[in-house]
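Here is a note for a colleague who is looking at this entry and would like a guided reading. Please keep the structure open beside the text.

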Amino acid sequence: MSNRHEDRAWHVVWNPTKPLLASCSSDRSVRMYTYTSEADSFTNIASIPTGHTKSVRAVAWSPSGNTLATASFDANIGIWEREEDGGEWECLTLLEGHETECKSVAYSCTGTLLASCSRDKSVWVWEVQPDADFECLGVMMEHSQDVKCVAWHPTEELLASASYDNTIKLYVDDPSDDWYCTSTLSGHTSTVWGLAWSPNGRYLASSSDDKTVKIWQRTGEFTFKETLTLSEHERAVYSVSWGKGKGKRESEGGLGWLASTGSDGMVKIWEFSEHEGSLQHKLISCTNDAHDVYDINTVAWCPRDGHEDLLATAGDDGVVKVWKVAQG
């Protein structure tokens with residue numbers, strides 16, 4: 001898309017309810033794009049100078065699509081909403097608490113909780129309250145290194161985090177106490193960069209510096225087992241996204257489409273399904289040099305009905321690209 005960022009583009013997210021796409025960058029800005037109902041034309045409608053003093057590393061929409069959170073290397077999280085009647089985007093509040101670079105931010109499925117993580121090795125859970133007020137409900141210091149990513153289960157208040165310590169941690173709220181770590185998933189041999197839940201919540205995908213994508217199957221309330229390793233990438237895999245896709249329906253055993261990307265510049269897409277209790281997958285698309293010679297930092301499926309075959313990527317070239325999966 002035109003109007004590229006002035007520096008590396010770190011992250012891109014689709015608004016869940018509106019034809020909006022947001023990207024963020026080392027240039028400390030957030031770019032907003034709108035698109036037509038056919039998704040055949042994208043227009044840059046805003047460039048927000050966030051006021052963050054360092055790179056904006058990640059962005060996340062609330063489920064309502066009305067609020068955007070920004071996570072920055074300046075250790076703060078900005079909460080943004082648009083003025084009524086399509087006015088300017090304004091920062092309603094700044095969440096402070098992390099000691100160093102904030103790497104990821106994510107809203108829970110209900111929009112009542114916000115999770116963040118940082119190079120300070122911590123994962124925070126915030127309660128979203130009226131009038132852009134937030135209360136910290138828990139600070140988990142379970143990882144021994146930089147925490148790269150947080151991802152909420154699609155229907156439950158179950159949180160996953162990925163770290164430079166090669167592990168994935170899972171957390172829940174103890175009604176009588178605080179948030180706590182229920183499980184540690186070990187299997188990667190290097191930094192875990194990205195996480196993505198399957199749309200039905202029964203599987204968790206992770207991407208790593210070890211060049212692999214692993215699929216973890218949920219076998220109990222808080223138990224998971226490694227069930228598949230995808231080793232098709234040639235370098236570090238920075239991001240995974242798992243969408244509904246336009247393949248097999250869930251009633252036919254379909255589990256949606258998983259996309260992965262990273263340092264090798266490839267975007268790979270797998271279709272997943274279950275057959276008689278076993279997990280099946282096939283590679284349905286592979287795009288080489290998707291951002292020319294540049295690393296790709298993120299990949300994201302569009303969650304909106306009718307647009308499940310749209311994919312966005314952002315790379316070190318400062319560019320955001322949108323792809324449509326051509327089937328058949």
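The points below go from the whole chain to a run of paired strands and then to single residues.

1. Overall make-up. Please bear in mind throughout that this is a predicted model. The protein has 27 strands and 0 helices, and its C-alpha trace spans about 50 × 50 × 35 Å along the principal axes. For 328 residues a compact globule would have a radius of gyration near 20 Å, and the 18 Å found for the protein agrees with that.

2. Interior and contacts. Of the 328 residues, 57% are buried. Among the contacts with a separation of 6 or more, 46% join residues that are 24 or more positions apart.

3. Surface and charge. About 13,800 Å² of the protein is exposed, and carbon and sulfur atoms supply 41% of that area. There are 49 negative and 28 positive side chains, and the centres of these two sets lie 7 Å apart.

4. Strand E5 and its hairpin with E6. How many of the 6 residues of strand E5 are buried? The count is 6 of the 6 for residues 56-61, so strand E5 is largely enclosed by the rest of the structure. E5 pairs with strand E6 (residues 67-72) in the antiparallel sense, over 5 bridges, and alanine 60 stands opposite alanine 69 in E6. The hairpin that E5 and E6 form has 5 residues between the strands, and glycine 65 in the turn has a positive phi of about 80 degrees.

5. From E6 to E7. Strand E6 is also joined to strand E7 (residues 77-82) by 5 bridges, and these two strands run antiparallel. Alanine 69, the residue that stands opposite alanine 60, has isoleucine 79 as its bridge partner in E7, which gives the reader a place from which to follow the pairing across E6. The hairpin of E6 and E7 has 4 residues between the strands, and alanine 75 takes a positive phi near 80 degrees there.

6. From E7 to E8. Strand E7 pairs in turn with strand E8 (residues 89-95), in the antiparallel sense and over 6 bridges, with leucine 94 in E8 as the bridge partner of glycine 78. There are 6 residues between the strands in the hairpin of E7 and E8, and aspartate 85 in the turn has a positive phi of about 65 degrees.

7. Two further loop residues with positive phi. Most residues other than glycine have a negative phi. Lysine 211, although not a glycine, has a positive phi of about 75 degrees; lysine 211 is found in the loop between strand E18 (203-208) and strand E19 (213-218), and counts as partly exposed at 41% relative accessibility. Glutamate 276 is not a glycine either, and has a positive phi of about 50 degrees. The loop that holds glutamate 276 lies between strand E23 (267-275) and strand E24 (278-287), and glutamate 276 counts as exposed at 76% relative accessibility.

8. Aspartate 178. This residue is in the loop between strand E15 (167-173) and strand E16 (179-186), and its relative accessibility of 43% makes it partly exposed. Residues up to four places away in sequence aside, aspartate 178 touches Leu137, Val172 and Asp173. The C-alpha atoms of aspartate 178 and aspartate 165 are separated by 24 Å, with the two residues 13 apart along the chain.

9. Histidine 188. Is histidine 188, in the loop between E16 and E17, buried or exposed? At 7% relative accessibility histidine 188 counts as buried, because the cut-off for that class is under 20%. Its contacts, neighbours within four places in sequence aside, include Asn166, Ser207, Asp210 and Trp216. The C-alpha atoms of histidine 188 and serine 207 are 8.7 Å apart, at a distance of 19 residues along the chain.

10. Alanine 196. Strand E17 (residues 192-197) holds alanine 196, which is buried with a relative accessible area of 7%. Apart from its neighbours within four places in sequence, alanine 196 is in contact with Tyr203, Leu204, Ala205, Val240, Ser241 and Trp242. Histidine 233 is 37 residues from alanine 196 along the chain, and their C-alpha atoms are separated by 17 Å.

Definitions and conventions: Residues numbered from 1 in each chain as written. Predicted model: local features only at pLDDT ≥ 70, side-chain atom pairs only at ≥ 80, totals over all residues. Heavy atoms only, no water. Rg over C-alpha atoms; globule rule 2.2 N^0.38 Å. Buried < 20%, exposed > 50% of the residue type's maximum accessible area, 1.4 Å probe, protein only. Contact = heavy atoms within 4.5 Å. Areas by Shrake-Rupley, 256 points an atom, 1.4 Å probe, with all protein chains shown as cover. Lys, Arg positive; Asp, Glu negative; His and termini not counted. Charge placed at Lys NZ, Arg CZ, Asp CG, Glu CD. Pairing = 2+ DSSP bridges.
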